[in-house]
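Q: Please take a close look at one part of this model, the sheet, and follow it out to the salt bridges.

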Amino acid sequence: RSSLVIAIDGPAGAGKSTVAKLLASRLGYLYLDTGALYRALAWKTKRASVASDDEAAVERLLATTLLEVRHQDGERMRVSVDGQDITDDLRAPDTSALASVISSLPAVREWLLPVQRKIAERGAVVAEGRDVGTRVFPAADVKFFLEATPEVRAQRRFRELAASGGPVSLEDTARDLVARDTRDRTRALAPLVPAPDALTIDTSNLDIEQVLQRMLAAVSAKL
Ligand code: C5P
């Protein structure tokens with residue numbers, strides 16, 4: 001493999017997307033948001049009224065699904081399903097929950113593996129997700145695992161959803177986040193765990209620039 005990969009894993013609200021985009025932009029790498037791919041498949045499952053626990057039906061749906069990723073500039077990633085750009089629909093809370101449910105289906109994870117690896121063939125990437133450093137890119141050049149307390153993560157996610165105009169409460173946000181996390185950490189296939197060679201950063205008491213500085217220091221020490 002010739003292209004560089006920086007892998008960032010961690011639970012929702014740990015700050016992965018924010019710092020992954022900034023890191024990609026500072027380094028001139030492509031930003032690969034793997035969660036958006038799970039969300040896109042969740043969107044299609046819902047649109048097709050396929051039950052999320054009916055793996056055979058989801059698998060049939062995947063057989064006729066065209067998932068495309070386009071980078072406008074390095075850090076902005078647009079996702080199309082069957083030719084329709086659905087990027088702006090992917091962050092809704094029900095899509096988050098459904099993405100977490102279908103992401104435990106082996107058929108879904110298997111289907112997305114080559115999709116993710118193909119994108120990394122386009123050039124150096126900062127890839128963000130749950131199993132990027134453990135499964136998708138086990139030979140990634142630098143691996144990070146971002147953590148934060150459940151309270152801090154719920155606050156961050158709540159502010160983000162409120163800013164985009166969603167009618168949400170902190171309680172609902174916190175409950176959804178814990179449910180999604182528990183599912184992600186306990187599923188049989190590719191659960192959310194730090195790779196043995198990942199640098200863990202607890203972002204609870206750090207601002208974005210502080211997290212970014214630590215990551216940049218680790219990257220320049222390794223590359
Ligand atoms: O990162 P994001 O919150 O967009 O991810 C949505 C969901 O997709 C996660 O809760 C997780 O269940 C799933 N996911 C995954 N593996 C990844 C990225 C996301 O299982 N690499």
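A: In this predicted model, 5 strands form an open sheet in the order β2-β6-β1-β7-β8, and their pairing is parallel. The edges are β2 (30-33) and β8 (199-202), each of which pairs on one side only. From one strand to the next, the twist averages 20 degrees.

At the β2 edge, the neighbour is β6 (residues 125-129); the two run parallel and are joined by 4 bridges. Tyr31 has Val126 in β6 as its bridge partner. Helix α2 (residues 34-47) lies across β2 and β6, at about 45 degrees to β2.

The salt bridges number 19. One of them starts from the sheet: Glu147 pairs with Arg185, with 3.3 Å between the closest N and O atoms. Glu147 belongs to strand β7 (residues 142-147) and Arg185 to helix α8 (residues 170-186), so this pair ties together parts 38 residues apart in sequence. Arg185 has 32% relative accessibility and therefore counts as partly exposed.

Helix α8 also holds Asp181, which is linked to Arg153 in helix α7 (residues 150-163), 28 residues apart. The closest N and O atoms of the Arg153 and Asp181 salt bridge are 2.6 Å apart. Arg153 is buried, with a relative accessible area of 3%, and Asp181 is buried at 7%. Elsewhere, Arg70, Arg78, Asp85 and Asp88 are joined into one network by salt bridges that share partners.

Lys118 and Glu121 form another salt bridge, with the closest N and O atoms 3.9 Å apart. Both Lys118 and Glu121 are exposed.

Note on methods: Residues are numbered from 1 along each chain as its sequence is written. This is a predicted model: local features need pLDDT of at least 70, side-chain atom pairs count only at pLDDT 80 or more; totals for chains, interfaces and linings use all residues. Side-chain values use heavy atoms; hydrogens and water are left out. Two strands pair if DSSP finds at least two bridges between them. Axes are lines fitted to C-alpha atoms, for helices over the stretch in contact, and angles run from 0 to 180 degrees between N-to-C directions. Contact means heavy atoms within 4.5 Å. A salt bridge is a side-chain nitrogen of Lys or Arg within 4 Å of a carboxyl oxygen of Asp or Glu. Buried means under 20% relative accessible area, exposed over 50%, partly exposed in between (1.4 Å probe, protein chains only).
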